[in-house]
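User: I am new to reading protein models and would like a close look at a single part of this one. Please choose one helix, show me where it sits in the whole, and explain how its neighbours pack against it.

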Amino acid sequence: RHRTLIQLIPTQLTHQCMSIALLGDPNKSHELIDDLESSFWTLICFGIHHVSHSDRTCLLNNDPFGPGRETVVDGSITTDDSSGKNKLLRKNGILRDFPFASYGFRDLVAHIAGVLHGYYRYRELKDYGEHELNKYEDARRQLSSPDWWIETLQRFLDTGDWVENDIVDDM
């Protein structure tokens, strides 16, 4: 079978798990915080497709990891999922109370989504006072720290509210 050769740019191949900041600005300098946020989106991608939850159809039309999110322009694959991912993080966003069978997994996702939402909310403000600046810096400090990620994962793993054998086949 004949395949068309398309120039693939490495950062565009992994858009499903890229940070919102990198998706929103392809010229942004890559930082540790982008890699750590990427681990969250990897966890979400796995959870949506393989962790048991009661609504197997709710993300079919809103899945930031699904096919059709990329476009081929001048031989390069491009995408912008940053607005879709931002919507998932909001207080009323689907990730804040997604019906995973495992409460531990659900609570972990909701907690990290909340911190990420705060970070991006304050990051995008043009006019802010000292309170907002402190909130932004606190969220950035947490999200930039591998120790915070490990401690957060461990804290939620220790709750014991994890369902065993809840892996399901992909949709």
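Analyst: The protein chain of this predicted model has 7 helices and 2 strands, and when it is read along the sequence these elements follow the pattern α-α-α-β-β-α-α-α-α. Of the 171 residues in the protein chain, 39% are buried. Among the contacts in the chain with a separation of 6 or more, 69% are between residues 24 or more positions apart.

The part to look at closely is helix H5, which runs over residues 103-123. With 21 residues at 1.5 Å a residue, helix H5 should span 30 Å, and because its end C-alpha atoms are 30 Å apart, the model agrees with that expectation. Helix H5 is also mostly covered, since 15 of its 21 residues are buried. What, then, packs against it?

Two packed helices are described by the angle between their axes and the distance between the axes, and both values are available for two partners of H5, namely H3 and H6.

Take helix H3 to begin with, which covers residues 32-50. Helix H3 has 19 residues and reaches 27 Å from its first C-alpha to its last, close to the 27 Å expected at 1.5 Å a residue. Helix H3 and helix H5 pack at an angle of about 140 degrees, with their axes 11 Å apart. Angles over 145 degrees would count as roughly antiparallel, and the two helices are therefore described as oblique to each other. The crossing in which H3 passes H5 is left-handed. On the H3 side the contact is made by Ile-33, Glu-37, Phe-40, Leu-43, Ile-44 and Gly-47, while H5 contributes Phe-105, Leu-108, Val-109, Ile-112, Ala-113, Leu-116, Tyr-119 and Tyr-120. Sorted by character, the residues of this contact are 12 nonpolar, 1 polar and 1 charged. It helps to remember here that an α-helix has 3.6 residues a turn, so residues three or four places apart point the same way.

The buried residues of H3 include several from this contact, among them Ile-33, Glu-37, Phe-40, Ile-44 and Gly-47. Another buried residue in helix H3 is Asp-34, which has a relative accessible area of 2%. Leaving aside its neighbours within four places in sequence, Asp-34 is in contact with Ser-19, Ala-21, Leu-22, Lys-28 and Ser-29.

The other partner is helix H6, made of residues 130-143, which packs with H5 at an angle of about 135 degrees, the axes being 9 Å apart. That angle makes H5 oblique to H6, and their crossing is left-handed. In this contact, H5 supplies Val-115, Leu-116, Tyr-119, Tyr-122 and Arg-123, and H6 supplies Glu-132, Lys-135, Tyr-136, Ala-139, Arg-140, Gln-142 and Leu-143. The residues of the contact of H5 with H6 divide into 7 nonpolar, 1 polar and 4 charged. One of the residues from H6 is Lys-135, which is partly exposed, with a relative accessible area of 38%. The C-alpha atoms of Lys-135 and Arg-123 are separated by 9.6 Å, although these residues are 12 residues apart along the chain.

Put together, H5 is a mostly covered helix that is oblique both to H3 and to H6, and Leu-116 and Tyr-119 of H5 take part in the contact with H3 as well as in the contact with H6.

Terms used. Residues are numbered from 1 along each chain as its sequence is written. This is a predicted model: local features need pLDDT of at least 70, side-chain atom pairs count only at pLDDT 80 or more; totals for chains, interfaces and linings use all residues. Side-chain values use heavy atoms; hydrogens and water are left out. Helices (H or I, at least four residues) and strands (E, at least two) are DSSP runs, numbered from the N terminus. The expected span of a helix is 1.5 Å times one less than its number of residues. Buried means under 20% relative accessible area, exposed over 50%, partly exposed in between (1.4 Å probe, protein chains only). Axes are lines fitted to C-alpha atoms, for helices over the stretch in contact, and angles run from 0 to 180 degrees between N-to-C directions. Angles under 35 degrees count as roughly parallel, over 145 as roughly antiparallel, 65 to 115 as roughly perpendicular and the rest as oblique. A crossing is left-handed if the near helix is turned anticlockwise from the far one by less than a right angle, and right-handed if clockwise. Contact means heavy atoms within 4.5 Å. Ala, Val, Leu, Ile, Met, Phe, Trp, Tyr, Cys and Pro count as nonpolar, Asp, Glu, Lys and Arg as charged, and the others, Gly among them, as polar.
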